[in-house]
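The following exercises are to be worked with the sequence and the model in view. Each task is followed by a solution in steps.

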Amino acid sequence: MREFMAITRALADEQRVRMLLALRRQELCVCQIVELVGLATSTVSKHMSILKQARLVDSRKDGRWIYYRLACEDAPELVSQATGWVFEHLENDPRIRRDQEKLAEICQVDPHHLCAARSDRQGCGNKSRRRNKAARP
């Protein structure tokens, strides 16, 4: 029951469902997800944390960059069923199709450049902003 409730809570938010669907074909850096959904890095990180707690996604860290992907094959059957259901029912949704088109453009840009171009300069690790302020004269 606990696993089921975590999954349904995670899928009860449109932004999280969009993020989950964005990961359908490939691993993405937080900066790429931020660019897609247009939310603050901290907000995207919170949403991804909820998806991760529900075991719908996995993550890996590479330096200060965090990458997310769909849960691996050893995820519980309930996770596979839930993601399959979401993918099946929303694959032709107009919003999801626009997201896929936008994501194709985003993925042509190096994630490190996306991160560097962010106006808040937070980056994927959420620490560079403090470092930049401390480094300024």
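**Exercise 1: A backbone angle**

R55 is found in the loop between α4 and β2, where helices (H or I, at least four residues) and strands (E, at least two) are DSSP runs, numbered from the N terminus. The model is predicted: local features need pLDDT of at least 70, side-chain atom pairs count only at pLDDT 80 or more, and totals for chains, interfaces and linings use all residues. Residues are numbered from 1 along each chain as its sequence is written, and side-chain values use heavy atoms, with hydrogens and water left out.

Task: State what is notable about phi of R55, and classify the accessibility of R55.

Solution. Step one: phi of R55 is near 70 degrees, a positive value in a residue other than glycine. Step two: the classes are buried (under 20% relative accessible area), exposed (over 50%) and partly exposed in between, with a 1.4 Å probe and protein chains only. Step three: R55 has 42% relative accessibility and therefore counts as partly exposed.

**Exercise 2: The whole chain**

Task: Describe the order of the elements along the protein chain and the share of residues that count as buried.

Solution. Step one: the protein chain holds 8 helices and 3 strands. Step two: from the N terminus on, their order is α-α-β-α-α-β-β-α-α-α-α. Step three: 42% of the 137 residues count as buried.

**Exercise 3: The sheet**

Task: Determine in which order the strands of the sheet lie, and explain why β1 and β2 stand at the edges.

Solution. Step one: two strands pair if DSSP finds at least two bridges between them. Step two: 3 strands form an open sheet in the order β1-β3-β2, with antiparallel pairing. Step three: β1 (28-29) and β2 (57-62) each have a single partner strand, so one side of each is left without a neighbour in the sheet. Step four: β2 and β3 (residues 65-70) run antiparallel and are joined by 6 bridges. R60 has Y67 in β3 as its bridge partner.

**Exercise 4: Two helices with a buried side**

Task: For α4 and α5, compare the span with the expected one and locate the buried residues.

Solution. Step one: the expected span is 1.5 Å times one less than the number of residues. Helix α4 (residues 41-53), with 13 residues, reaches 18 Å from its first C-alpha to its last, close to the expected 18 Å. In α4, the residues T41, V44, S45, H47, M48 and L51 are buried. They cover an arc of only 165 degrees around the axis, which puts them on the same side of α4; the arc is that of the directions from the helix axis to the C-beta atoms. K46 and Q53 are exposed on the other side of α4.

Step two: the 14 residues of α5 (residues 77-90) should span 20 Å, and the end C-alpha atoms are 20 Å apart, which agrees. Buried in α5 are V79, A82, T83, V86 and F87. Their arc is only 130 degrees around the axis, which puts them on the same side of α5. The face of α5 turned away from this buried side carries the exposed residues E77, W85 and E88.

Step three gives the general reason. An α-helix has 3.6 residues a turn, so residues three or four places apart point the same way.

**Exercise 5: Salt bridges**

Task: Find how many salt bridges the whole structure has, and identify which residues are joined into one network.

Solution. Step one: the criterion is a side-chain nitrogen of Lys or Arg within 4 Å of a carboxyl oxygen of Asp or Glu. A search of the whole structure finds 4 such salt bridges.

Step two: in one of them, D99 pairs with R18, the closest N and O atoms being 2.7 Å apart. D99 lies in helix α6 (residues 94-106) and R18 in helix α2 (residues 14-22), so the pair ties together parts that are 81 residues apart in sequence. Both D99 and R18 are buried.

Step three: R60 forms a salt bridge with E27, with the closest N and O atoms 2.8 Å apart. R60 lies in strand β2 and E27 in the loop between α2 and β1, so parts 33 residues apart in sequence are tied together. R60 is partly exposed at 33% relative accessible area, and E27 is partly exposed at 29%.

Step four: E27 also forms a salt bridge with R69, the closest N and O atoms being 3.8 Å apart. This pair links distant parts of the chain, since R69 lies in strand β3, 42 residues from E27. R69, at 30% relative accessibility, counts as partly exposed. Salt bridges that share partners thus join E27, R60 and R69 into one network.
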